[in-house]
Amino acid sequence: MSVEAIGKMRAAELQRYLETPRKLVRARLISASKESDAEIIELEVDVDLPQRPLHRINKTERLRVRFPVDDAMPQVFALRKNFPLVPHTMINGSAYPRQLCLYERTWADERENWAPRAFVERIRRWLAGTADGTLHRADQPLEAIMQHSPARIVLPAVPFAAGQLCRTERFFIVQCAPF
């Protein structure tokens, strides 16, 4: 199966799952569409909230899931304009929409276990954990500001720097696709 077919298949599986009655899956499909490089699913999820939430998460949140055709990690965006700036959101070059960071492990490690039900439940747990402040444990270190990337640039050695106090630095360049 081609990589492009897998991204489409995941979006179709999520769409079918969200057609299940809302009271059973605690989510509902809003729309399904395509972009040139991704399949898009908009959904609404029900969130279990504490009486006194630490962060302002709504009982129902509207999200956009972007499944890149190259079978990269699905991207989940909170569509509410005033969604709070909270831990475990991705830095994506824009304040809106906020991108949720759902996985601790790389997509290569998560890819084989992806399933629509588990995916929706992961989103719901992320929102509930963010609301009550338990998603980011007190003993958990902060995330690195620079994210892992497969992109690399090879630079030649600088001849005039020989013998000087120099150190090697890692830099990553990422191209972000607009919505």
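In helix H4, the buried residues (buried means under 20% relative accessible area, exposed over 50%, partly exposed in between, with a 1.4 Å probe and protein chains only) are Pro116, Phe119, Val120, Glu121, Ile123, Arg124, Trp126, Leu127, Ala128, Gly129, Thr130 and Ala131. Because 12 of the 17 residues of H4 are buried, the helix is largely enclosed by the rest of the structure. The model is predicted, so local features need a pLDDT of at least 70 and side-chain atom pairs count only at pLDDT 80 or more, while totals for chains, interfaces and linings use all residues. Residues are numbered from 1 along each chain as its sequence is written, and side-chain values use heavy atoms, with hydrogens and water left out.

**Overall make-up**

- The protein has 4 helices and 6 strands; helices (H or I, at least four residues) and strands (E, at least two) are DSSP runs, numbered from the N terminus.
- Along the sequence, these elements follow the pattern α-α-β-β-β-β-β-β-α-α.
- Of the 179 residues in the protein, 37% are buried.
- The protein exposes about 11900 Å², and carbon and sulfur atoms supply 55% of that area; accessible areas come from the Shrake-Rupley method with a 1.4 Å probe, and for residues only the protein chains shown count as cover.
- Among contacts (heavy atoms within 4.5 Å) with a separation of 6 or more, 51% are between residues 24 or more positions apart.

**Confidence**

- The average pLDDT, which is the predictor's confidence in each residue from 0 to 100, is 81 for the protein, and 70% of the residues score at least 70.
- Among the elements, strand E2 has the highest mean pLDDT, 96, and strand E5 (residues 89–90) the lowest, 70.
- Where pLDDT is low, the predicted coordinates should not be read in detail.

**Helix H4 and the nonpolar core**

- H4 covers residues 116–132.
- The expected span of a helix is 1.5 Å times one less than its number of residues.
- For the 17 residues of H4 this gives 24 Å, and its end C-alpha atoms are 24 Å apart, which agrees.
- Just after H4, Gly133 takes a positive phi of about 80°.
- The largest nonpolar core (a set of buried Ala, Val, Leu, Ile, Met, Phe, Trp, Tyr and Cys residues joined through side-chain atoms within 4.5 Å) has 30 residues, and Leu14, Phe119 and Leu127 touch the most other members.
- Two or more residues of this core come from each of helix H1 (3–18), strand E2 (38–46), strand E3 (60–68), strand E4 (75–78) and helix H4.
- H4 gives the largest share of the core, 7 residues.
- In soluble globular proteins, nonpolar side chains tend to be buried together.

**Two core residues**

- Leu127 lies in H4 and counts as buried because its relative accessibility is 0%.
- Not counting residues up to four places away in sequence, Leu127 touches Val45, Val47, Ile57, Glu61, Leu63, Phe83 and Leu100.
- Leu127 and Leu49 are 78 residues apart in sequence, while their C-alpha atoms are 8.6 Å apart in space.
- Leaving aside neighbours within four places in sequence, Leu14 is in contact with Ile41, Val65, Phe67, Trp114, Pro116, Phe119 and Val120.

**Strand E2 and its partners**

- E2 is mostly covered, with 9 of its 9 residues buried.
- From E2, Ala38, Ile40, Glu42, Glu44 and Asp46 point one way, and Glu39, Ile41, Leu43 and Val45 point the other way.
- In a regular strand the side chains alternate between the two faces of the sheet.
- Two strands pair if DSSP finds at least two bridges between them.
- E1 (residues 27–35) runs antiparallel to E2, and 8 bridges join them.
- A hairpin through 2 residues joins E1 to E2, and Lys34 has Glu39 in E2 as its bridge partner.
- E2 and E3 also run antiparallel, joined by 9 bridges, and Glu39 stands opposite Phe67 in E3.

**Positive phi outside glycine**

- Most residues other than glycine have a negative phi, and most peptide bonds are trans.
- Arg26 is not a glycine, yet has a positive phi of about 60°; Arg26 is found in the loop between helix H2 (22–25) and E1.
- Arg26 is partly exposed, with a relative accessible area of 28%.
- Asp71 is not a glycine either and has a positive phi of about 60°; Asp71 is found in the loop between E3 and E4.
- Asp71 is buried, with a relative accessible area of 5%.
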